[in-house]
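Colleague: Please take one part of this model and describe it closely. I should like to know what packs around it, and where it stands with respect to the hydrophobic interior and the charged pairs.

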Amino acid sequence: MQETELHDLSDDADYAASQIHGSVYMTRSDGNKASSSAEPEGAELVYLKDNVTIHPTQFASERISGRLKLIKQGSSLFMNWIPYKGQNSDARLSEKDKNLYTIRDISFSDVRSIRRHTPTLGWQYIIIVMSSGLAFPSLYFYSGGVKEFLATVKQHIFLMRSAEDANVFLVNDFESPLQRTLSSLELPRAVSVSNVPLASTSTLLGELPSNESQDISHANTAGANSSALYNGRARQKVHDPARDLSIHVLEKFSLVTRFARETTSQLFREGLNNGFVGANERRARNLSSVDFSNEPVNEAEKAPKGADTLPDPIEFSKMTLVWGQPRQAPLGLTEWATYLDSEGRVMDSKAMRKRIFYGGVDHLLRKEAWPFLLGYHAYGSTYAERDYLKCVKKIEYETIKCQWKTISAEQAKRFTKFRERKGLIGKDVVRTDRSFPYYEGDDNVNINCLRDILLTYSFYNFDLGYCQGMSDLLSPILFVMEDEAESFWCFVALMERLGPNFNRDQNGMHSQLFALTKLVELLDGPLHNYFKQNDCLNYFFCFRWLLIQFKREFEYESVMCLWEVLWTHHPSEHLHLYLCVAILKRYRDKIMGEQMDFDTLLKFINGLSGQIDLNSIIRDAEALCICAGENGAASIPPGTPPSLPLDDGLLYPQLEDDVL
């Protein structure tokens, strides 16, 4: 068992108290294991704390003290709290009454969260909240030990602070560090794969040389002591081998195999099911196979043997949806002028966005059009107002940039976050679109500009900072705008909508994957059933599509065309989800006919890069969106990216020790 990083879990008061009282026993993997005759065979006692108390009433005389245990059995963690027998207490509380409060063998797979209370005066206590919404009575730690309790839990399951309340720790009972990464996916940090079987790890890393594969476990074990996996304060060494490995793993993220599927039930159980799923499941059942009256049904189509499916009403491999309107020529400068009045205001933004949706924008016009589509320029702004904004924003950008440009070497030595982010950005930008002429060659000034914008953004948005994938989103913007400050503010506008994709809790990605599940269930019941039967309902094979908006699925010019289509938010601001459905439906016959399991499906989806016809898939996505109508919109949780966040408060709330 690795040494536990404690600083990110609570203050130091209860830890100091627990050291004084000496009542905490933690089992280590060195063989000095605590044992108890009460533990079942094969179980390991990993935490024991005496004098943990429940307050059934406000009377001190009726408090019930007992012993709290954490027991590890196999890959599961259980919690017990047993009251002491014969303790001095008021006669009104019998042994039977005390036993009513006994907590026996509660599995953390059934726990939703742990709420910690640290009052200024009084004792610290925790509340265990179950997935059902029920909560156990508060457990008071009279002699300290809340920190040790949370630290021990964190060692055996994935424990993550809630973005809304720093005293709430969300629980996901994932069994491997890789699954933890899939849930949290804090891209700049290290990924521990030391517990993954070597054969599976080799599959995960793709083309790693055999000698590197053999050293994976050692590298990650070493790295665990030099960096926190998630929220810790321990700082990463610049040349830590585990860090380099984690970057390689994240580059190869699309090659994640069977480990991802095991997170399916947890992924959609937490939070998203609360009040939202139930309201839409009935709609999904009614439209599991949409009746496309204009499309012939292929009655001869047979489901693969063993798959409990129904014939699909749409045969994408043989025809295109007839009501997806044909694509048009790109919007040019002359036509663009007809949408503006004499002072430069866009007179009908809806009509203009609809025109761009069906044809895209001529490349010579993108520098002017993209700031509107991204929300950097208001459609009602004039030429003069936009010129003034450009001047003001350029000064503001230079001010923010100066914050990191003026950091001295001595100051940088004491600024670990800055060094880490600067190093990660430096590694990423030199691998971003280097085959594209604008970024190719050594000592490319555009690469330096890319780096400066991303570093400046990490100071502009302290809480979010930098995560891998952001350079992919910035690259086309810089290519189009050809101005550092303007590119920065366009990127800021884009990240207002896509920033949740890179949140530590990955709520943005989870909500999109959840919505995708519901849309496939709505629009293609047979395919949904096939994925369900083959443990593919987590939809992690679509993760790359959603994270960076299909950036690596199309040629550079096609990506720019697709993005400006998506930015019009016509006919839905979540059209990218319907694009996913359209692609899956287009290849459904092959997927189901060849009986693809998760691993095969993941490899197949990744192999589609560069092979998808953009115009036809946009037409299909539009038709699916029209067909789904209100039922489709109701399948997407409010605030799902690229919707603007619902909360008007902090967009990326972090702990004090987690900010830059």
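Modeller: In this predicted model, 72% of the contacts between residues at least 6 apart in sequence join residues at least 24 apart. The protein has 660 residues, of which 55% count as buried, and its secondary structure comes to 27 helices and ten strands. I take helix H18, residues 470-481, as the part to examine, and then follow its partners outward.

H18 packs against helix H13, residues 363-374, with the two axes 8 Å apart and at an angle of about 125 degrees. Angles between 115 and 145 degrees fall in the oblique class, and H13 and H18 are therefore oblique to each other. On the H13 side the contact is made by His363, Arg366, Lys367, Trp370, Pro371 and Leu374; H18 contributes Pro476, Ile477, Phe479, Val480 and Met481. By character, eight of the residues in this contact are nonpolar, one is polar and two are charged.

H13 leads in turn to helix H12, residues 349-359, since H13 is among the elements that cover the buried residues of H12. Those buried residues are Met352, Arg355, Ile356, Phe357, Tyr358 and Gly359. Their cover also includes helix H11 (333-337), H23, helix H24 (575-586) and helix H27 (614-634). Just after H12, Gly360 adopts a positive phi of about 75 degrees.

At residue 470, H18 also enters the nonpolar interior. Met470 is one of the residues with the most contacts inside the largest nonpolar core, together with Phe531, Tyr539, Phe541 and Leu584. This core has 121 residues, and its largest share, ten residues, comes from helix H19 (residues 484-498). Phe531 shows how these residues meet: beyond its neighbours within four places in sequence, Phe531 is in contact with Cys536, Leu537, Tyr539, Phe541, Leu584, Ile591 and Leu601. Another core, of 28 residues, lies apart from the largest one and includes Leu68, Trp81, Leu139 and Val153.

H18 takes part in charge pairing as well. Side chains of opposite charge can pair when their charged atoms come close. Asp472 forms a salt bridge with Lys551, the closest N and O atoms being 3.3 Å apart. This pair links distant parts of the chain, with Asp472 in H18 and Lys551 in the loop between helix H22 (543-547) and helix H23 (556-567), 79 residues apart. Is this pair buried or exposed? Buried means under 20% relative accessible area; Asp472, at 6%, therefore counts as buried, and Lys551, at 5%, is buried too.

Two other salt bridges offer a comparison of setting. Arg345 pairs with Asp341, their closest N and O atoms lying 3.4 Å apart; Arg345 is partly exposed at 32% relative accessible area, and Asp341 is partly exposed at 23%. Arg414 pairs with Glu410, likewise with closest N and O atoms 3.4 Å apart; here Arg414 is exposed at 65%, while Glu410 is partly exposed at 43%. In addition, Lys401, Arg451, Asp452 and Glu484 are linked in a network of salt bridges. The structure holds 26 salt bridges.

In summary, H18 meets H13 at an oblique angle, supplies Met470 to the largest nonpolar core, and carries Asp472 into a pairing with Lys551 that links distant parts of the chain.

Methods: Residues numbered from 1 in each chain as written. Predicted model: local features only at pLDDT ≥ 70, side-chain atom pairs only at ≥ 80, totals over all residues. Heavy atoms only, no water. Axes fitted to C-alpha atoms, helices over the stretch in contact; angles between N-to-C directions. Helix = DSSP H or I, 4+ residues; strand = E, 2+ residues; numbered from the N terminus. Parallel < 35°, antiparallel > 145°, perpendicular 65-115°, else oblique. Contact = heavy atoms within 4.5 Å. Nonpolar A, V, L, I, M, F, W, Y, C, P; charged D, E, K, R; others polar. Core = buried A, V, L, I, M, F, W, Y, C linked by side-chain atoms within 4.5 Å. Buried < 20%, exposed > 50% of the residue type's maximum accessible area, 1.4 Å probe, protein only. Salt bridge = Lys/Arg side-chain N within 4 Å of Asp/Glu carboxyl O.
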